[in-house]
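Dear colleague,

I am handing over a structure that you have not worked with before, and I would be glad if you could look through it alongside the notes in this message.

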Amino acid sequence: MAPINASFGAAVLSLLFLVSSTAAFNITRILGEFSDFSTLNSLLSQTKLSDEINRRQTITVLAVDNGAMGAISALPSDVQRKVLAVHVVLDYYDADKLRGIKNGSAMLTTMFQSTGQATNRMGFINYTRRADGVMMFGSAEPGASLTSQMVKSVASRPYNISVLQVSSAIVPPSIGSTDGSKAHAPENAHAKAPAPAPTPSTSKKPNAPAPAPAPSDDSSSDGPAAAPGPAADSPDADGPVADSPDADGPSADSPDADGPAGADAPADDSDDTAAATGRVVASAGLGVMALVFMGVSL
């Protein structure tokens with residue numbers, strides 16, 4: 001009977017060891033002890049990411065408190081899962097291990113990298129310890145900044161799980177795009193901004209010579225030399241004759257001009273006088289002939 005009991009006890013211990021090794025921790029229970037991380041805990045459960053975390057043997061969770069979770073909770077559900085996976089590092093890091101990293105900088109692999117969906121280094125986190133000792137985190141995607149800093153260690157079970165609070169969410173700039181490429185609309189807008197520059201230059205080229213003909217036209221109409229000649233030919237000229245066809249200028253083209261017309265007035269008077277004189281002579285001739293006729297008759 002004793003050998004049977006010994007064998008049974010060994011089997012139970014082996015089973016317990018197997019269970020403990022397969023479920024070394026439960027992230028939901030760990031975060032459930034801290035009300036400040038209730039939003040994070042809820043999203044990890046909703047996205048089923050907590051199950052994947054619990055299946056890992058060694059993990060580090062960069063936890064964001066309720067006040068900073070808006071940057072993640074406002075995202076679509078599929079993007080939420082990706083961003084949450086970026087906050088899960090596939091290795092054990094506590095504060096002491098981070099301080100001991102050589103050169104104070106490292107690239108950390110996250111759970112998002114293991115999904116096969118990460119592109120452009122979105123599945124990695126840049127870690128840098130500043131000269132003042134502050135530990136900074138940020139996405140390793142090109143162009144991303146180190147915007148999140150470590151606040152404190154929340155919980156740790158060496159060397160299985162470590163939960164570190166960070167000040168803000170780590171969101172790769174292009175993680176919400178379908179092709180993993182960063183939208184460059186602002187940059188294209190700036191690149192196109194100089195485009196209007198050639199427009200003024202091209203418009204100025206035709207306009208530049210425009211003032212040159214204008215003075216030449218004015219000089220031809222306003223100049224004193226042009227007043228007697230061309231001004232009379234053009235009714236729109238600015239010379240004194242152009243204001244009216246009856247103006248008092250020496251215009252030979254205007255039949256009503258007052259220059260030579262004055263000579264025509266005496267000519268009309270002399271014609272009338274000649275006609276009257278002719279009539280008088282004719283009347284006198286008729287009178288003479290009548291007297292002659294009367295004398296012959298007598």
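The notes below deal with the salt bridges and with the accessibility of the residues that form them.

Please keep in mind that this is a predicted model. The structure holds 4 salt bridges, and I describe some of them here, including one between two helices.

In that pair, Arg81 forms a salt bridge with Glu52, and the closest N and O atoms are 2.2 Å apart. Because Arg81 belongs to helix 6 (residues 77–86) and Glu52 to helix 4 (residues 49–54), the pair ties together parts that are 29 residues apart in sequence. Arg81 has a relative accessibility of 28% and counts as partly exposed, and Glu52, with a relative accessible area of 25%, is also partly exposed.

Another salt bridge brings together the side chains of Asp91 and Lys97, with a distance of 3.7 Å from N to O. Asp91 is partly exposed at a relative accessible area of 29%, and Lys97 is likewise partly exposed, its relative accessible area being 35%.

A further salt bridge joins Asp132 to Arg130, where the closest N and O atoms lie 2.8 Å apart. Here Asp132 counts as exposed, at 53% relative accessibility, because the cut-off for exposed is over 50%, whereas Arg130, with a relative accessible area of 36%, is partly exposed.

As general background, side chains of opposite charge can pair when their charged atoms come close.

With best regards

Methods. Residues numbered from 1 in each chain as written. Predicted model: local features only at pLDDT ≥ 70, side-chain atom pairs only at ≥ 80, totals over all residues. Heavy atoms only, no water. Helix = DSSP H or I, 4+ residues; strand = E, 2+ residues; numbered from the N terminus. Buried < 20%, exposed > 50% of the residue type's maximum accessible area, 1.4 Å probe, protein only.
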